[in-house]
Amino acid sequence: MVEWVRECRAPRVLVPTMGALHEGHLSLCRAARDRAGEAGVVVATIFVNPTQFGPNEDLDAYPRQLAADLAACEAVGVDVVFAPQAGDVYASDASVSISEATLALGLCGGSRPGHFDGVCTVVAKLFNLTQPVAAVFGEKDYQQLAVIRRMVRDLNFPIEIVPGPTVREADGLAMSSRNAYLTPSQRQAAPGIQQAMVALREEIAAGKYEDSPSTAVEALEGRLEQVAGSESRVDYVALVHPDTLQPLESFWEDGELRYRLIVAVFVGKTRLIDNIGAN
Ligand code: AMP
């Protein structure tokens with residue numbers, strides 16, 4: 001990759017992924033293709049990054065399907081796929097990492113200590129290796145997008161961060177490589193997460209919670225606990241400011257509804273995340 005980048009005169013647009021590609025990833029590849037234009041090159045990376053997994057998480061079980069992923073990349077106009085092994089990217093005695101100290105603390109960072117250090121570190125490595133002009137990240141991982149934007153700002157990476165909207169299954173479930181872990185009955189119940197979020201958004205707009213985000217959070221927690229009967233367990237529900245990710249004090253800003261609703265719910269052993277905006 002280093003040698004190729006040295007020779008490559010064309011501007012590169014990067015799409016970092018962990019593989020097991022689905023329509024969500026492919027939509028980012030298409031956005032990268034658009035951003036790169038005819039003169040540019042789209043680089044997708046496929047790397048199940050060990051440093052962003054906690055000790056009891058699904059690193060070993062994470063789906064890996066490189067041949068199918070390569071075919072999918074080719075079909076959406078990706079020019080180059082970089083799929084390194086951990087040993088190609090990390091020295092065995094690596095001792096430098098990147099830590100974002102504000103946005104990464106709560107939400108998924110609270111439930112998954114060290115997760116965003118792993119994300120920032122690997123994304124910085126991929127930026128250095130591929131030296132892109134732009135990189136595309138999905139809003140599905142809303143906190144990740146915010147943390148990466150902050151890293152790019154604070155470390156002066158000369159890279160434009162392009163967000164891509166969350167792609168959903170026909171029944172509303174946010175696409176995720178982890179959906180493959182769900183049993184048929186869990187899969188049937190899982191769209192209830194997004195349905196409950198959208199219902200809450202409508203209730204907020206109708207004034208049901210007046211201006212009390214904490215009451216709305218409690219209501220949604222109760223509903224999400226039920227989403228897959230005894231198989232569901234809420235990890236967190238948060239109503240936050242869309243930029244700072246701080247807990248919301250009011251639904252309203254400058255006369256407009258403005259917030260991000262972010263949830264993580266275990267369905268069986270599978271941890272699913274989703275988020276929506278105020279409109
Ligand atoms: P992952 O392979 O899960 O690390 O995701 C790689 C990239 O794809 C990240 O920028 C994710 O936010 C994005 N992504 C994952 N799922 C979706 C989805 N359903 N819609 C849009 N982007 C997604």
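**Exercise 1. What covers the buried residues of α3?**

Work on this predicted model in steps.

Step 1. Locate the helix. α3 spans residues 66-75.

Step 2. Pick out its buried residues. They are Asp69, Ala72 and Cys73.

Step 3. See how they lie around the axis. Their arc is only 100°, so Asp69, Ala72 and Cys73 sit on the same side of α3.

Step 4. Name the cover. It includes α2 (23-36), β2 and β3.

**Exercise 2. Find the exposed residues on the face of α3 turned away from its buried side, then look just past the helix.**

Step 1. Turn to the face away from the buried side. Ala67, Glu74 and Ala75 are the exposed residues there.

Step 2. Move on to Gly77, just after α3. Its phi is positive, at about 85°.

**Exercise 3. Work out the strand order of the open sheet, and say which strands form its edges.**

Step 1. Take the 5 strands across the sheet. The order reads β3-β2-β1-β4-β5.

Step 2. Check the sense of pairing. It is parallel. In general, strands of a sheet pair through backbone hydrogen bonds, in a parallel or an antiparallel way.

Step 3. Find the strands that pair on one side only. These are β3 (80-82) and β5 (160-164), the edge strands.

Step 4. Add the twist. On average, neighbouring strands are turned by 25° against each other, with direction ignored.

**Exercise 4. Follow the pairing of β2 with β3, then name a helix that packs on the sheet.**

Step 1. Start with β2, residues 41-46. Its parallel pairing with β3 runs over 3 bridges.

Step 2. Choose one residue, Val43. Its bridge partner in β3 is Val80.

Step 3. Now bring in α6, residues 115-130. This helix packs on the sheet and touches β1 (12-17), β2, β3, β4 (134-138) and β5.

Step 4. Compare directions. That of α6 makes about 150° with that of β1.

**Exercise 5. Why do Cys29 and Cys73 not form a disulfide?**

Step 1. Recall the bond. A disulfide joins the sulfur atoms of two cysteines covalently.

Step 2. Set the cut-off. The two sulfur atoms must be within 2.5 Å.

Step 3. Compare the distance. The cysteine sulfur closest to that of Cys29 is in Cys73, 5.0 Å away, so it is too far for a bond. Seen from Cys73, the closest cysteine sulfur is that of Cys29.

Step 4. Check the total. The structure holds 0 disulfides.

Step 5. Are the two cysteines buried or exposed? Cys29 has 1% relative accessibility and counts as buried. Cys73 is also buried, at 1%.

Methods
Residues numbered from 1 in each chain as written. Predicted model: local features only at pLDDT ≥ 70, side-chain atom pairs only at ≥ 80, totals over all residues. Heavy atoms only, no water. Pairing = 2+ DSSP bridges. Helix = DSSP H or I, 4+ residues; strand = E, 2+ residues; numbered from the N terminus. Axes fitted to C-alpha atoms, helices over the stretch in contact; angles between N-to-C directions. Contact = heavy atoms within 4.5 Å. Buried < 20%, exposed > 50% of the residue type's maximum accessible area, 1.4 Å probe, protein only. Arc of directions from axis to C-beta.
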